[in-house]
Each structure stands twice: as structure tokens, then as C-alpha cells.
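Colleague: Could you take one part of this chain and go through it closely, residue by residue? I would like to know what surrounds it and how far the model can be relied on there.

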Amino acid sequence: TKIQEVVGTLLYYARAVDGTMLVTLSWLASRQSKATKRTEDDVNQLLDYSATHPTAILRFHGSDMVLNIHSNAGYLNEAKARSRAGGHFSLGNHPNKPPVQNGAILNPTGILKHVASAASEAEYGALFINGKEGAIIRQTLSDMGYPQPATTITTDNSTANGIANDTIKQQQSRAIDMRYHWIRDRILQGHYNV
């Protein structure tokens with residue numbers, strides 16, 4: 001129950017202000033039902049981190065309310081050979097104006113449901129997950145009176161970028177074919193730039 005208390009207490013703070021804790025909290029939450037001594041040590045380390053860095057600050061500046069997404073994945077870094085996907089969503093200016101550095105409005109993190117066969121597949125899965133989350137925020141912003149141009153999703157994996165933009169043909173990745181080509185369709189429709 002100690003792990004549940006710590007995760008529950010810090011989750012609101014992490015979502016609202018300090019997104020640096022989200023991956024660790026997600027990791028702890030996935031292990032709280034079968035906690036070990038290592039899990040307890042990790043909880044104590046998170047509490048030490050929280051005590052050492054008590055004053056996280058988010059800054060927001062006036063902007064055009066244009067959604068920007070940074071997408072990333074960690075390959076085979078979870079139990080049972082799974083991978084973790086994450087994103088950083090912020091609002092800024094239109095691409096032809098000077099950039100504005102705003103704090104995050106959302107930092108999704110989670111474990112991919114399938115076992116990725118390559119790092120590029122995990123990154124492509126992260127593009128898919130972040131694109132789906134982004135579609136909801138794009139519609140919300142549009143309903144609020146801020147129509148969205150094509151949302152830029154930044155990824156650090158050139159292979160996933162190539163698959164998404166249909167400039168690279170993958171050889172043997174059936175999981176990609178079956179699960180993630182939604183993002184490629186959205187790029188072709190002009191909703192996203194990767």
C-alpha cells in the first residue's frame with residue numbers, strides 16, 4: 001500500500017507540474033501488485049528526487065495555440081521484452097512565426113501492448129499513440145476557436161520517420177502493417193507532419 005500511496009500522491013503533481021516523474025511513476029504503478037525490495041528502493045529514490053527538486057516550474061507564454069508533439073520510445077526497456085512510448089505536447093506559434101517555448105500540456109507515457117521487433121517499430125508505435133492523443137487535442141483546440149494546421153510530430157528515429165512519410169518500405173514488420181499505419185494515413189490527409 002505504500003507504493004500505491006506514493007504513486008497516487010505524486011501522480012497529480014507530476015501531471016500538473018513536473019513531467020520528469022511520469023515515466024518512473026508509470027513504471028512503479030505497473031509493478032505495485034508484485035512489489036519487491038527493488039521496487040521499494042525505487043520508491044525511496046523517487047521520494048528523494050521529489051525532496052531534492054521541490055520547485056518545478058512551468059512557464060506559458062502567449063501563442064497562436066498551435067499543437068506541437070515530440071514523440072519517443074524506449075526499445076525493450078520493460079519487463080517481458082516490451083517497449084515504452086512517450087510524448088511531450090505543447091502549444092506554440094504557427095510555423096512561419098518565431099517559436100515560443102511553452103510548458104507541456106500533456107506528457108503521455110505507457111507501455112506498448114505488443115513486443116516490437118526493432119527500435120524503429122517501437123518509435124513508429126510511439127508516433128501512432130501520440131498521433132491518436134493529438135487528434136483529440138487538435139479537435140478540442142479547433143472547437144475552442146483555434147483551427148489547427150498540420151501538427152508537427154518530431155521523432156528522433158529516421159526509419160520511423162521514413163515509414164510514416166512512405167519514403168522507406170519496411171521488409172518484414174507485420175505488426176506495423178496491422179497496427180500503426182493510421183499515422184501514415186493521417187499524414188497523407190494533411191493532419192500531421194513528421
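Modeller: What follows starts at one serine, moves out to the core around it, and ends with the charged pairs.

The model is predicted. Its mean pLDDT is 87 over the chain, and 95% of the residues reach 70 or more. Among the elements, strand 5 (residues 151-154) has the highest mean pLDDT, 94, and helix 6 (residues 174-179) the lowest, 58.

The serine is Ser-71, which sits in strand 1 (residues 66-78). Is Ser-71 buried or exposed? Ser-71 has a relative accessible area of 5%, and because the cut-off for buried is under 20%, Ser-71 counts as buried. Its side chain has two backbone partners to consider. A polar atom of that side chain lies 3.4 Å from the backbone oxygen of Ala-126, and a polar atom of the side chain lies 3.5 Å from the backbone nitrogen of Leu-127. Leaving out residues up to four places away in sequence, Ser-71 touches Ala-126 and Leu-127 themselves, along with Gly-86, Glu-123, Asn-130, Ile-153, Thr-154, Thr-155 and Asp-156.

Two of those neighbours, Leu-127 and Ile-153, lead into the core. The largest nonpolar core has 23 residues, and Leu-127 and Ile-153 are among the members that touch the most others, together with Leu-67, Ile-69, Tyr-124, Ile-183 and Tyr-192. Strand 1, strand 2, helix 4 (119-143), helix 5 and helix 7 each give two or more residues to this core. Helix 4 gives the most, with 7 residues. In general, nonpolar side chains tend to be buried together in soluble globular proteins. Ile-153 shows what one such position is packed against: apart from neighbours within four places in sequence, Ile-153 is in contact with Ile-69, Leu-127, Ile-183 and Tyr-192, and also with Ser-71, Gly-131, Asn-193 and Val-194. A second core, separate from this one, has 12 residues, including Ile-3, Leu-10, Leu-25 and Trp-27.

Now the charged pairs. Side chains of opposite charge can pair when their charged atoms come close. The structure holds 4 salt bridges, and three can be described here.

One of them joins Asp-166 and Arg-184, with N and O 3.6 Å apart. Asp-166 lies in the loop between helix 5 (158-164) and helix 6, whereas Arg-184 lies in helix 7 (residues 182-188), so this pair ties together parts that are 18 residues apart in sequence. Arg-184 is buried at 14% relative accessibility, while Asp-166 is partly exposed at 33%.

Another joins Lys-97 and Asp-64, whose closest N and O atoms are 3.3 Å apart. This pair also links distant parts of the chain, 33 residues apart: Lys-97 is in the loop between strand 2 (82-92) and strand 3 (104-106), and Asp-64 is in the loop between helix 3 and strand 1. Lys-97 is partly exposed, with a relative accessible area of 41%, and Asp-64 is partly exposed at 21%.

The pair of Asp-42 and Arg-38 is a local one, with N and O 4.0 Å apart. Both residues belong to helix 3 (residues 37-52), and because they are 4 residues apart there, about one helical turn separates them. Asp-42 is buried at 16% relative accessible area, whereas Arg-38 is exposed at 57%.

Definitions and conventions:
Residues numbered from 1 in each chain as written. Predicted model: local features only at pLDDT ≥ 70, side-chain atom pairs only at ≥ 80, totals over all residues. Heavy atoms only, no water. Buried < 20%, exposed > 50% of the residue type's maximum accessible area, 1.4 Å probe, protein only. Polar contact = N/O pair within 3.5 Å; in protein donor to acceptor, adjacent residues only side chain to side chain. Contact = heavy atoms within 4.5 Å. pLDDT = per-residue confidence, 0-100. Salt bridge = Lys/Arg side-chain N within 4 Å of Asp/Glu carboxyl O. Core = buried A, V, L, I, M, F, W, Y, C linked by side-chain atoms within 4.5 Å.
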